[in-house]
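Work through these short exercises with the model open. Try each task before reading its solution.

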Amino acid sequence: MSPDRAPGPARTPYEIANAVGEEIRVLNHRTAAGIGAFPDPSSVHDVVTALHAILFHLPQALAQAAAGLAAIPAEQIRVALPDGDGDTAAARQARVSEELARAAETLEIARAHVAAASAFTSGLDRTVPVVDDDPLDDLVAAFHD
């Protein structure tokens with residue numbers, strides 16, 4: 001069961017988005033160079049595939065945020081920091097929708113690239129050299145010589 005459907009107080013959309021952002025920050029720290037988070041290609045593939053899923057869902061979240069703002073009647077919104085003539089609540093609502101739509105389009109492009117990376121990493125395997133460091137093997141080999 002996802003945490004937003006668990007018993008207890010429901011998390012707000014802000015709390016959920018903030019938690020996702022924090023988890024991405026943690027991911028960035030955990031996968032920094034020298035940490036050893038990617039011991040083999042499949043570990044890279046798994047992370048890239050999970051990031052693809054995030055990018056797949058983000059455009060919908062952006063569209064729903066824009067729709068949420070658009071659903072608030074403009075007369076119930078005050079423009080606290082106007083940026084010029086004609087800067088009305090309705091104009092701001094429209095601008096937010098435009099910018100979030102552009103962001104969603106950009107995410108779709110990013111998602112396509114991450115999907116390609118995921119497909120390419122799925123075809124990778126790790127070649128691990130076999131190290132024979134068992135002294136008993138050397139002893140057995142010596143008796144057979």
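**Exercise 1.** Decide whether Pro82 is buried or exposed.

Solution. Start with the cut-offs: buried means under 20% relative accessible area, exposed over 50%, and partly exposed in between (1.4 Å probe, protein chains only). Pro82 has 58% relative accessibility, so Pro82 counts as exposed. This is a predicted model: local features need pLDDT of at least 70, side-chain atom pairs count only at pLDDT 80 or more, and totals for chains, interfaces and linings use all residues. Residues are numbered from 1 along each chain as its sequence is written, and side-chain values use heavy atoms, with hydrogens and water left out.

**Exercise 2.** Place Pro82 and find which residues it touches.

Solution. Helices are DSSP runs (H or I, at least four residues), numbered from the N terminus. Pro82 sits in the loop between α2 (41-70) and α3 (89-122). Contact means heavy atoms within 4.5 Å. Not counting residues up to four places away in sequence, Pro82 touches Asp87 and Arg92. Now check Arg92: its C-alpha lies 9.5 Å from that of Pro82, and the two are 10 residues apart along the chain.

**Exercise 3.** Find what the buried residues of α2 pack against.

Solution. List them: Ser43, His45, Val48, His52, Leu55, Pro59 and Ala66 are buried in α2. These buried residues pack against α3.

**Exercise 4.** Decide whether Thr121 is buried or exposed, and name its contacts.

Solution. Thr121 belongs to helix α3. Its relative accessible area is 12%, so Thr121 is buried. Leaving aside neighbours within four places in sequence, Thr121 contacts Val44 and His45.

Methods. Helices (H or I, at least four residues) and strands (E, at least two) are DSSP runs, numbered from the N terminus.
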